[in-house]
Amino acid sequence: MIEDRDTLLGLWQRMTRIRRFEERASTDKEADLLEGYIHNYSGQEAIATGIITQLRADDWITSTYRNHGHSIARDVPLEAMTGELLGRTTGVCGGKGGSMHAVDQDLGMIGGMGIVAGGMPIAAGAALAARRRGQDRVAVTFFGDGAVHQGAFHESMTFAALFNCPVIFVCENNLYAETTAVDYHLIAGSVIAMAEPYGVHATQVDGMDVFAVRDAAEQLIARARYTGRPALLEAMTYRYGGQYEGDTQTYKPPQEVAQWRARDPLLTFRRRVTEPGLLTHGDLDEVAERSRVEVADAFAAAALAPWPDPSVLLTDVYTEIS
Ligand SMILES: Cc1ncc(C[n+]2csc(CCOP(=O)(O)OP(=O)(O)O)c2C)c(N)n1
Ligand SMILES: [Mg+2]
């Protein structure tokens, strides 16, 4: 783990922005200030941050309903995210997508999807398009452990392997699909085991350690970019919150929560950079405080932003194909 100071601070800034954003979204939802579902990403910050910071600006990502972390790691402006959560015109989709559907084409964030596994065929298609055009762009698709039971997972893997699509399938195995534990639903024992029959190269990584994730991502992205072959990364992690804000989480054993909290990605990062003296606690506190203020400002700005005019209800629904 040799990282320069700016890179380290950039990783910490993204992880703290995500954590502060999710904490604030959670309290605002509890106070009934947000409409619709909110799916909290807290606990999984090292995955979005570790992978997305290894991508080029012209690569693509797709995500799920739990997409705030991926969007923020991809540098979608915080005000565009809060605007979207509050349904305002300043939102990244003009307030018409909501929390589950952040899309920023300019940043290569081509979709937060409400449909489980919905992003996978889209990422495979983007990767295929790059190949057909002679470009060396790659696509990363983020999804959960529950998504591996969808036909779209199997179809996308076999398609990507058959047609040489440089797509990296990133399974964030957070031990639960809604209320169902992975021990019960994952018949294959692991997600990497499910890649083998498709001839897709697969690796498992500690998803609580941003440095481990970054190393794995660097290799898989380079491999996909230069060979055109798909790959799968299974990142082991834990969802601190429920399936959605308001989930009572009675299905989680308390000792399990405590065990994973002890391996918190932010705490792990703090230890890893302060112990060898790469950064000081003061450096980290300063950035974390800035993230808190940025998030608070973004939520305040969104609350003052205008609502979309009803006349735009049917725009952005259909596209013209020439
Ligand atoms: C096709 C489809 N089926 C069911 C649902 C309802 N649903 C939403 S989230 C979810 C569980 C997904 O779990 P996982 O893939 O592990 O992702 P996580 O929520 O843990 O990030 C389900 C079944 C859905 N959105 N789409
Ligand atoms: Mg899950």
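**Rings and a ligand in a predicted model**

Modeller: Ring pairs join Tyr176, Tyr238, Tyr251 and Trp260 into a cluster. Keep in mind that this is a predicted model.

Biologist: Happy to. How many aromatic pairs does the rule give?

Modeller: The count comes to nine aromatic pairs. One of them is formed by phenylalanine 21 and phenylalanine 299.

Biologist: Why is the pair of phenylalanine 21 and phenylalanine 299 called tilted?

Modeller: The ring centres of phenylalanine 21 and phenylalanine 299 are 5.4 Å apart, with 45° between the planes. Centres within 6.5 Å make a pair, and planes neither under 30 degrees nor over 60 degrees apart make it tilted. Both values meet these cut-offs, so tilted is the right word.

Biologist: What makes this pair a tie between parts apart in sequence?

Modeller: Phenylalanine 21 belongs to helix H1 (residues 5-30) and phenylalanine 299 to helix H12 (residues 281-304), so the pair ties together parts 278 residues apart in sequence.

Biologist: And how do you know whether phenylalanine 21 is buried or exposed?

Modeller: Buried means under 20% relative accessible area. Phenylalanine 21 has 0%, so it counts as buried. Phenylalanine 299 has 2%, so it is buried as well.

Biologist: What about phenylalanine 159 and phenylalanine 163: why is that pair called tilted?

Modeller: Their ring centres lie 4.8 Å apart and their planes are at 45°, so that pair is tilted too.

Biologist: Why is phenylalanine 159 called partly exposed?

Modeller: Partly exposed covers values between the 20% and 50% cut-offs. Phenylalanine 159 has 32% relative accessibility, so it falls in that range. At 41%, phenylalanine 163 is also partly exposed.

Biologist: Nice. What makes you say that the charged end of arginine 263 sits over the ring of tryptophan 260?

Modeller: The distance to the ring centre is 4.9 Å, and the cut-off is 6 Å, together with an angle within 35 degrees of the ring normal. Arginine 261 lies over the face of tyrosine 240 at 3.9 Å from the ring centre.

Biologist: Now the ligand. How do you know that tyrosine 65 makes a polar contact with ligand 1?

Modeller: A side-chain N or O atom of tyrosine 65 is 2.8 Å from an oxygen atom of ligand 1. The limit is 3.5 Å, so this is a polar contact. A polar backbone atom of glycine 146 also lies 2.8 Å from a ligand 1 oxygen, as does a polar side-chain atom of asparagine 174.

Biologist: How much of ligand 1 does the protein bury?

Modeller: Taken alone, ligand 1 exposes 580 Å², and the protein buries 73% of that. The surrounding shell divides into six nonpolar, six polar and three charged residues.

Technical notes:
Residues are numbered from 1 along each chain as its sequence is written. Chains are lettered from A and ligands numbered from 1 in the order in which they are written. This is a predicted model: local features need pLDDT of at least 70, side-chain atom pairs count only at pLDDT 80 or more; totals for chains, interfaces and linings use all residues. Side-chain values use heavy atoms; hydrogens and water are left out. Rings of Phe, Tyr and Trp (its six-membered ring) pair if their centres lie within 6.5 Å; planes under 30 degrees apart count as stacked, over 60 as edge-to-face and the rest as tilted. Helices (H or I, at least four residues) and strands (E, at least two) are DSSP runs, numbered from the N terminus. Buried means under 20% relative accessible area, exposed over 50%, partly exposed in between (1.4 Å probe, protein chains only). A polar contact is a pair of N or O atoms within 3.5 Å; within protein, one must be able to donate a hydrogen and the other to accept it, and residues adjacent in sequence count only if both atoms are side-chain atoms. Accessible areas come from the Shrake-Rupley method with a 1.4 Å probe; for residues, only the protein chains shown count as cover. Ala, Val, Leu, Ile, Met, Phe, Trp, Tyr, Cys and Pro count as nonpolar, Asp, Glu, Lys and Arg as charged, and the others, Gly among them, as polar.
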